[in-house]
Amino acid sequence: MQPILFDIENLTHCYADGTIALRNLSLTVKQGKKIAILGNNGAGKSTLLLHLNGILQPTNGTIRFKGREVKYDRKSLLSLRKHVGIVFQDPDSQLFSANVIQDIAFGPQNLGLPKEEVLRKVEWAMEQTETTEFSDKPTHFLSLGQKKRVAIAGVLAMDPEIIILDEPTAGLDSYFSKQIMNVLDHIQKQGKTIILSTHDVNLAYQWADEIIIMHDGEILCYGDPVTVFEQAHLIRKAHLDAPWVMETFQFLVQEKFFSSNEAIPQNKEELFQKISSIKSWNLGKISG
């Protein structure tokens, strides 16, 4: 059984202007998972992520990390942030050093690591994110996709167990979005836990192990992608669409191409394989 990293009970957050962003939210996060949080603007996604890194403090409720309640003094927050790294939606809010390598080195240096270890972690992080080729380039000359990769590298260099990303593909075209997601896949396979927020239902459906649907500060549903998106009434309530892979498969079931008992594909490769199997079966029937 996978260890529980975060155990959140009745988390409520009210901003200074009276806006209630989270309402009695409860959630557990297990180690090694790829988790996507979906919801429309104002659903509470970013607020939840900021609580996981200790940037925000609950109005009510508790957050436990590895069984211990999160404290908000300087020493406790420093300890938490050694384990939990966060990448903000806007990389410009995270990049401030003269060039790429200095920016990536900033985090591990502030952890007080020896110079040799800092260099080793920085080189590893640049390798993972394919940022080595522009390591000496000023950060303000980078493209948005490059900046996002550098921001991820800066968090990776601190070697946290959990990496949190707020809209990591926002503003990127299809090519750079795939590049970012490939980086995250590679990192997760090394034992990291990845939690990201996104508006992209297709990306979440095919990438995540678990999906959280949020609406008006609450969790509407939480589970594996297929189970979550089968709850059509909750998806509509959250103002989301079904993933195109699932919609296409359901149409083919309706048209009797597939049995309703067949497993629902989670990505286009699985869907195309099922469609190819129909073609092979029909050709075999004709030749027979």
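Okay, a quick definition before we start: helices and strands here are runs assigned by DSSP, at least four residues for a helix and at least two for a strand, numbered from the N terminus. Keep in mind that what we're looking at is a predicted model.

With that in hand, the protein chain has 11 helices and 10 strands. Its radius of gyration is 21 Å, close to the 19 Å the globule rule gives for 288 residues, so the chain is as compact as a globular protein of that length. Laid along its principal axes, the C-alpha trace spans about 70 × 45 × 35 Å.

What share of the residues is buried? That's 48% of the 288. And if you take contacts with a separation of 6 or more, 64% of them join residues 24 or more positions apart.

Now let's go to strand S1, residues 4-14. S1 pairs with S2, residues 20-30, in the antiparallel sense, over 7 bridges. In that pairing, histidine 13 stands opposite leucine 22. The two strands make a hairpin with 5 residues between them, and glycine 18 in the turn has a positive phi of about 95°.

S1 has another partner too: S4, residues 60-65, again antiparallel, over 5 bridges. There, isoleucine 8 has isoleucine 63 as its bridge partner.

Last stop, the surface. Trp244, Phe272 and Ile275 make a nonpolar patch of about 290 Å². Phenylalanine 272 sits in helix H11, residues 268-287. Why do we call phenylalanine 272 partly exposed? Because its relative accessible area is 44%, and partly exposed covers the range between the 20% and 50% cut-offs.

Terms used. Residues numbered from 1 in each chain as written. Predicted model: local features only at pLDDT ≥ 70, side-chain atom pairs only at ≥ 80, totals over all residues. Heavy atoms only, no water. Patch = residues over 30% accessible without salt bridge, like charges linked within 9 Å, V, L, I, M, F, W, Y side chains within 5 Å. Areas by Shrake-Rupley, 256 points an atom, 1.4 Å probe, with all protein chains shown as cover. Salt bridge = Lys/Arg side-chain N within 4 Å of Asp/Glu carboxyl O. Buried < 20%, exposed > 50% of the residue type's maximum accessible area, 1.4 Å probe, protein only. Rg over C-alpha atoms; globule rule 2.2 N^0.38 Å. Contact = heavy atoms within 4.5 Å. Pairing = 2+ DSSP bridges.
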